[in-house]
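Hi there,

Here is the structure I promised to pass on. My notes follow just below it.

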Amino acid sequence: MKLDDDALLQHAREASLKAYSAYSEFPVGAALVTEDGRIFTGCNIENASYGLTICAERVAIFSAVAAGARRIRRMAVSCPRGDRTQPNTLVPCGACRQVIAEFAAEDLVVLVDGVGPISFGMLLPTPFRLR
Ligand code: THU
């Protein structure tokens, strides 16, 4: 793993410390690098009306897009309360995969803390697209 990848994972871990996970007590952090080299982070933000909860990945992506970015070059996700013996507890959810697909660079790799680098094409081989 490249040193840059370690730094990006560290950003994701730090972002998880900001999570508002009052109901699930399952903090998540995400960090991404845009095509122009900017780093954006996000954490999950829950709500008493559970369905309004937003995942860490989408907070990071929406923040990047709102700042003018359009392509994600690399991404890291950290679920410190996930179970390293059960990788399904560490990977991005399906909804976030669809959102990532909208902005993913062609060769995007997602660094999953506790699992390793996974090519985005493996995580979501056939995203829905309108064009
Ligand atoms: N969560 C994320 O932030 N990202 C994911 O990809 C999976 C789930 C959050 C949502 C909720 O706040 C908590 O983890 C438990 O589902």
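**Cysteines**

A word of caution before the details: this is a predicted model. The count of disulfides in it comes to 0. Cys55 takes part in no disulfide, and its nearest cysteine sulfur, which belongs to Cys96, is 3.7 Å away. Why is Cys96 not bonded to Cys55? A disulfide here requires two cysteine sulfur atoms within 2.5 Å, and the sulfur of Cys96 lies 3.7 Å from that of Cys55, so the pair is too far apart for a bond. Cys96 is also buried, since its relative accessible area is 0%.

**The sheet**

Next, the strands. There are 5 of them in an open sheet with mixed pairing, and the order is β2-β1-β3-β4-β5. The edges are taken by β2 (39-43) and β5 (116-119); each has a single partner strand, so one side of each has no neighbour in the sheet. From one strand to the next, the twist averages 20°.

Going through the pairings:

- β1 (residues 29-34) and β3 (residues 72-78) run antiparallel and are joined by 6 bridges. Leu32 has Met75 in β3 as its bridge partner.
- β3 and β4 run parallel, with 5 bridges between them. Here Ile72 is partnered by Ala104 in β4. The chain gets from β3 to β4 by way of α3, in a β-α-β crossover that is right-handed.
- β4 and β5 are antiparallel, paired over 4 bridges. Val109 stands opposite Ser119 in β5. These two strands make a hairpin with 3 residues between them, and Gly114 in the turn has a positive phi of about 90°.

How much of β4 is covered? Mostly: 7 of its 9 residues are buried.

**The helices on the sheet**

Two helices are worth a look while you have the model open. Helix α2 (residues 56-66) lies across β1, β2 and β3, and it runs at about 140° to β2. Helix α3 (residues 94-103) packs on the sheet too, where it touches β3 and β4 (104-112), and its direction makes about 140° with that of β4. Cys96, the buried cysteine from the start of this note, falls within the residue range of α3.

If you would like a place to begin, try β4: it pairs in parallel with β3 and in the antiparallel sense with β5, and α3 touches it as well.

Happy to hear what you make of it.

Best wishes

Technical notes:
Residues numbered from 1 in each chain as written. Predicted model: local features only at pLDDT ≥ 70, side-chain atom pairs only at ≥ 80, totals over all residues. Heavy atoms only, no water. Buried < 20%, exposed > 50% of the residue type's maximum accessible area, 1.4 Å probe, protein only. Pairing = 2+ DSSP bridges. Axes fitted to C-alpha atoms, helices over the stretch in contact; angles between N-to-C directions. Contact = heavy atoms within 4.5 Å. Right-handed = clockwise from strand over helix to strand, strands pointing away.
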